[in-house]
Every structure is written in structure tokens, then in C-alpha cells.
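Please open the model in your viewer and keep the selection panel at hand. We will go from stop to stop, picking a few residues each time.

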Amino acid sequence: MEFILRDFQRGDFQTLWTIDQKCFPPGVSYSRLELVAYMRRQGSFTLVAKSGELVKPCASILGFIVAEARRRGAGHIITIDVLAEARRFGIGSKLLMAAEERLRAAQCRDIRLETAVDNTAALAFYKRHKYDVVKTVPRYYSNGVDAFVMQKDLLSEREAARLRS
């Protein structure tokens, strides 16, 4: 599947919110107000994956990621959403890697994220990308589900890249 990554555009919002509703159950998915608030936070950015123009004349959004560079060199993945029919084509991985690069450029030393303890697909995905569970937050989601906080050290990634150069 061909796709491109680009920055969020204002007209994308309704589609992104709809994708979030499809990707996560109630209590985990965001309300419109929550999603827009996260996207507008200081230091945040949103990247969008669209089907390639060569594949479909009318390109459609396949997924997105919202991340932020916090103070003191900490990055945070707020959400990553890929439509079910677009999974297993590398879209989530490309979104995550692009966000990691942007956070690295913003001088972030590490990245954290939260994921539901029962989301086995997300856990496997993040472990493949070298994220480790650092703690559990009881009843993190409004539906009462606990969350794992996962973290990836970007300093070691940066140092490894420097050694390969």
C-alpha cells in the first residue's frame, strides 16, 4: 500500500476524530474536545498518513499520530491511530518513526506513552519499536482500564546513530 506522511491540516480534524472513534472503545477514544486540546498543546504536532495519490485519485487518510515535546527533554506520544483495513502495511511504524525523529530534533531524551493493559496488539507493536513498560497506572482510562506507561530512550538511539556514521 502506497502512502505519504504529512503535517495535519485544519480540514483533517473530523476524519481524524472519526478514525480515533473506530480505533478505540468508548472510555479510551477521545471526545472531539479532548482530541483538539491535545493537538493544540504547546509543543505538540500531528502527522497524517494518506493513501498515495498514485494509488487512489481521491487520497484518503489512513491514520495519524499526535505527539508532543515537553519541557526537560521529554517526548510524549499522545495517540497513534491506524484504520483496521490499513494495518500491517507499515503505516503505524512510519508514523511512529517520523514522530521519534521530530522529537529527537526537539532535543527530547526519551519518549513516553500510555497504552491499555489489555491492548495486546499495541503492546507488541511498541515492544517491536524498543519501548519498555516502566509502570502501571491503575484505572487510567475513564472506562476503568489500567494503563502501562512505556518508554524509549532516545539518547541511546542518537548515540547508536552517531557510531554508525
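A residue counts as buried when its relative accessible area is under 20%, as exposed when that value is over 50%, and as partly exposed in between. Keep in mind along the way that this is a predicted model.

**Stop 1: a glutamate in a strand**

Select Glu-68, which is found in strand β3. Its relative accessible area is 3%, so Glu-68 is buried. Now show side chains: the one of Glu-68 makes a polar contact with the side chain of Arg-41, at 3.4 Å. Which other residues touch Glu-68, leaving aside its neighbours within four places in sequence? Besides Arg-41, the contacts are Gln-42, Gly-43, Ser-44, Ala-74, Gly-75, His-76, Ile-78 and Leu-103.

**Stop 2: the whole sheet**

Switch to a cartoon view and colour the strands. You should find an open sheet of 7 strands with mixed pairing, in the order β1-β2-β3-β4-β5-β7-β6. Strands β1 (3-7) and β6 (132-137) stand at the edges; each has a single partner strand, so one side of each is left without a neighbour in the sheet. On average, neighbouring strands of this sheet are turned by 25 degrees against each other, direction ignored.

Next, zoom in on β1 and β2 (residues 44-51), which pair in the antiparallel sense over 5 bridges. Here Phe-3 stands opposite Ser-51 in β2. Then add helix α1 (residues 13-23), which packs on the sheet and touches β2, β3 (61-69) and β4 (74-82). The direction of α1 makes about 95 degrees with that of β3.

**Stop 3: the cysteines**

Pick Cys-23 and Cys-108. Are they buried or exposed? Cys-23 is buried, with a relative accessible area of 17%, and Cys-108 counts as buried at 0%. How many disulfides does a search of the whole structure find? The search finds 0.

**Stop 4: aromatic rings**

Across the whole structure, a search finds 4 aromatic pairs. Start with Tyr-30 and Tyr-38: their ring centres are 5.1 Å apart and their planes are at 55 degrees, so the pair is tilted. Tyr-30 is buried at 15% relative accessible area, while Tyr-38 is partly exposed at 24%.

Finish with Phe-125 and Tyr-126, whose ring centres are 5.2 Å apart with the planes at 70 degrees, so this pair is edge-to-face. Both Phe-125 and Tyr-126 are buried. Add Tyr-131 to the selection, and you have a cluster of Phe-125, Tyr-126 and Tyr-131 linked by ring pairs.

Methods:
Residues numbered from 1 in each chain as written. Predicted model: local features only at pLDDT ≥ 70, side-chain atom pairs only at ≥ 80, totals over all residues. Heavy atoms only, no water. Pairing = 2+ DSSP bridges. Helix = DSSP H or I, 4+ residues; strand = E, 2+ residues; numbered from the N terminus. Axes fitted to C-alpha atoms, helices over the stretch in contact; angles between N-to-C directions. Contact = heavy atoms within 4.5 Å. Buried < 20%, exposed > 50% of the residue type's maximum accessible area, 1.4 Å probe, protein only. Polar contact = N/O pair within 3.5 Å; in protein donor to acceptor, adjacent residues only side chain to side chain. Disulfide = S-S within 2.5 Å. Phe/Tyr/Trp six-rings, centres within 6.5 Å; stacked < 30°, edge-to-face > 60°.
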